[in-house]
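Here's a friendly walk through a protein you may not have met before. Have a look at the picture, then read on.

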Amino acid sequence: MKSKFKANEYIASNRGAVCHKYRHTYHAMPEIGWCNDPNGFVYYGGKIHLFYQHNPYGAGWDTMHWGHVTSRDFISWEYQPVALAPDMPYDVGGCFSGSAIEKDGMLYLMYTGLDSENNQQQCLAVSQSGVEFTKALNNPVITSAMVGEGMSVKDFRDPYVFRRGEHYYSVIGTKVNDRGNIALYRSDDLIEWEFVGYCMNSDKPQEDNYFELNAVYECPCFMQLDGQDILMCSPQFLPQQGSEFENVHSVVYMVGKLDLESGRFHYDTFHELDGGFDFYAAQSTTLPDGRTVLTAWMQMWDRNIPSQEDGWAGSMVLPRELSFRDGRLYQQPVREILSYRANEVERTDIALGQQPVRIAGVSGDTLELLVTFECGDADVVGVKLFEGKEHETLVYYDVQAGEVVLDRSKSGVAIAGAEAQNATRRVCAGKQLETLSLRIFLDNTSAEVFVNDGYAVLTANIYADEADEGISFYALGGKAKVKKVTKYDILAK
Ligand code: FRU
């Protein structure tokens, strides 16, 4: 039987063996071993808590524990003891994803327990210290006997708990009659739960075409932002549509209205949240200061992960502040990152042509880069990152298409997955303007590209050589310019 004690002992004795070559400096990641989804992202006891799906014993996915880090600013993370281990009959197959909520001064974790037959049921653990968690005596609190009609008990996971008015609610990913869906449950005390209904249309799936998939809508999350109800989830195997959903699994959000009586979520459209390569299982939380902040796993299933050789795998994105404008979610890096800026270099009005231009002082692999292009008559304006003798990662604006493209085909170690196409990802940049602004964060092996003030984001892991620290700017098919570029090193460690 696995236990927290064994996991923590193992981590303490083996953390020294992890090789640091690909590790980040300002992104949350496990000390050792594997991590996937963020879980229980919450502010409690004056700190930000972030739990994650964790296998401490190896750099591949295996029986899930909950790892735990805390922070005061989303940037510097402190490791805490493993919070949950699969040590009870109802979760012996793994403590799968879930969420956290404060109630009566205590921190509750709600997660999915897998029993020895892979039945998925919802469980609770509670803590006053925010460090040591005790599983509830009443576990599982939502059993296989409490599922709705047509629901699969083997696909019933990732509860996201929230409060509305007098009640607690939980949205849970599932399949109903072999189609992806999300179930809504209600409780007065987090212990006794009742099934309310399905968020998605399960009677007439043809009316919600995206929900015809025979796959789970993993990791649902509910938030209210600027008066809107927003339901986010990670549907498996969503088919590609134009330049959206190119990864094997996607994160989407829907804007609409959650009917708390029927469970139905009424919405019109849904959008992909991040158009890059490595982004999954996003979860958000609302802070006491009113901000809603999102994190996500900065990886994708079914890909090779070079850091596995080094004894670890998986990390989280730089958390993002969310806002709702013009019918869509805007994402901005948390403002706390500003305190980590150092060594500013700023230049203006640099003419661009086909020959890439380097700028003195603008280089590195752990930094923030703000650049505004004037597109002029060029077809393409762009920046090369992680540039070295053999490698480059391109981020460019395809002016005709109105899309920003991230190309990692020559980045370094090749990353391949189940997808048809592993070279590029592209997102609509918003209104076609004569200028384009990018705000890019690099952290040794990652790139997060915020387009036009957070209208779109592309996230990717990049495994270049250590010496690949060059940055240059270019235009194709005409003349353009860099109106302004600012670089800051990010010094977190
Ligand atoms: C999503 C997911 C969840 C599940 C967890 C298991 O990435 O498949 O649905 O709870 O990972 O680690």
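What follows starts with the whole chain and then turns to a few neighbouring strands.

## The overall picture

First things first: this is a predicted model. The protein chain is built from one helix and 33 strands. Its radius of gyration is 22 Å, close to the 23 Å that the globule rule gives for 493 residues, so the chain is as compact as a globular protein of that length. Along its principal axes, the C-alpha trace spans about 65 × 55 × 40 Å.

## Inside and outside

Of the 493 residues, 63% count as buried. Among contacts with a separation of 6 or more, 61% are between residues 24 or more positions apart.

On the outside, the protein chain exposes about 18400 Å², with carbon and sulfur atoms supplying 46% of that area. As for charge, there are 43 positive and 68 negative side chains, and the centres of the two sets lie 3 Å apart.

## Strand 6 and its neighbours

Now zoom in on strand 6, residues 106–114. Eight of its nine residues are buried, so strand 6 is largely enclosed by the rest of the structure.

On one side of the pairing, strand 5 (residues 94–103) runs antiparallel to strand 6, joined to it by nine bridges. Cys95 has Gly113 in strand 6 as its bridge partner. The two strands make a hairpin with two residues between them, and Asp104 in the turn has a positive phi of about 50°.

Strand 6 also pairs with strand 7 (residues 120–127), again in the antiparallel sense, over eight bridges. Here Leu107 stands opposite Ser127 in strand 7. This hairpin has five residues between its strands, and Asn118 in the turn has a positive phi of about 65°.

Definitions and conventions. Residues are numbered from 1 along each chain as its sequence is written. This is a predicted model: local features need pLDDT of at least 70, side-chain atom pairs count only at pLDDT 80 or more; totals for chains, interfaces and linings use all residues. Side-chain values use heavy atoms; hydrogens and water are left out. Helices (H or I, at least four residues) and strands (E, at least two) are DSSP runs, numbered from the N terminus. The radius of gyration is taken over C-alpha atoms; the globule rule is 2.2 Å times the number of residues to the power 0.38. Buried means under 20% relative accessible area, exposed over 50%, partly exposed in between (1.4 Å probe, protein chains only). Contact means heavy atoms within 4.5 Å. Accessible areas come from the Shrake-Rupley method with a 1.4 Å probe; for residues, only the protein chains shown count as cover. Lys and Arg count as positive and Asp and Glu as negative; His and the chain ends are not counted. The place of a charge is taken as NZ of Lys, CZ of Arg, CG of Asp or CD of Glu. Two strands pair if DSSP finds at least two bridges between them.
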